[in-house]
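Reader: I have a model on my bench screen and want to learn to read it. Where do we start?

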Amino acid sequence: MTIEQTLSIIKPDGVRKKIIGEIQKRFKDAGLTVIKAKMTVFTIADAHRFYSIHKDKPFFNDLLTYITSGPVMVQVLEGENAIELNRKLMGATNPEEAEKGTIRSDFASSIEENVVHGSDGPDTARTEIEFFFG
């Protein structure tokens with residue numbers, strides 16, 4: 001097993017639903033530790049940079065509108081195989097396809113408003129953590 005760090009974002013709909021504590025409890029119960037955290041609001045410029053990988057996709061403008069619609073909780077999670085474990089805890093992007101008991105299955109309203117973001121690999125995790133925490 002490898003100790004890793006990964007980025008997790010509780011998106012605006014998760015913050016509005018007041019489920020930050022519940023989500024963090026799920027991380028802790030699964031063996032992940034929140035080692036850095038901050039509440040922030042994406043500016044349009046930050047959202048463009050952070051989600052630039054999606055810039056040519058048809059949902060890009062809706063994504064920018066959504067992610068800038070309110071505060072987000074950004075956190076660095078650490079633990080054994082943190083990236084894979086966090087992705088398992090989140091569930092599929094589409095909550096209708098997410099396994100029962102995952103964050104998205106339990107709390108997401110739609111594929112667009114899906115409560116959480118998590119890094120998808122070690123390189124992405126490093127880049128995303130650097131983006132928010134320097």
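**Pocket and cores**

Author: Start with the lining of the largest pocket, in what is a predicted model. Helix 7 gives the largest share of that lining, four residues.

Reader: How much space lies in the largest pocket?

Author: About 770 Å³. Of the 27 residues that line it, Lys11, Tyr51, His54, Leu63 and His117 are the closest to its centre.

Reader: Which elements give two or more residues to the lining?

Author: Helix 3 (44-50), helix 4 (60-67), helix 5, strand 4 (116-118) and helix 7 (122-133). By type, the lining residues divide into ten nonpolar, eight polar and nine charged.

Reader: Now the interior. Which residues of the largest nonpolar core touch the most other members?

Author: A core is made of buried nonpolar residues joined through side-chain atoms. Here the largest has 17 residues, and Ile10, Ile23, Phe27, Leu32, Ile103, Val115 and Val116 touch the most other members. Helix 2 (20-29), strand 3 (72-80), helix 5 (82-90) and helix 6 (103-107) each supply at least two of its residues. A second, separate core has 16 residues, including Ala47, Tyr51, Val74 and Val76.

Reader: What does Phe27 touch, leaving out residues up to four places away in sequence?

Author: Ser8, Leu32, Val34, Gln75, Leu77, Asn86, Leu89 and Ile103.

Reader: Is Thr6 buried or exposed?

Author: Buried means under 20% relative accessible area. Thr6 counts as buried because its value is 0%. Thr6 lies in strand 1 (residues 3-10). Beyond four places in sequence, Thr6 touches Gln75, Val76, Leu77, Ala82, Ile83, Asn86, Ser119, Ala125 and Ile129.

Note on methods:
Residues are numbered from 1 along each chain as its sequence is written. This is a predicted model: local features need pLDDT of at least 70, side-chain atom pairs count only at pLDDT 80 or more; totals for chains, interfaces and linings use all residues. Side-chain values use heavy atoms; hydrogens and water are left out. A nonpolar core is a set of buried Ala, Val, Leu, Ile, Met, Phe, Trp, Tyr and Cys residues joined through side-chain atoms within 4.5 Å. Buried means under 20% relative accessible area, exposed over 50%, partly exposed in between (1.4 Å probe, protein chains only). Contact means heavy atoms within 4.5 Å. On a 1 Å grid over the protein atoms alone, a cavity is a set of points where a 1.4 Å probe fits but cannot get out, and a pocket is an open set with protein on both sides within 12 Å along at least five of seven lines; lining residues have an atom within 4 Å of a point. Grid points are joined across faces, edges and corners, and a volume is the space filled by probe spheres set on the points. Ala, Val, Leu, Ile, Met, Phe, Trp, Tyr, Cys and Pro count as nonpolar, Asp, Glu, Lys and Arg as charged, and the others, Gly among them, as polar.
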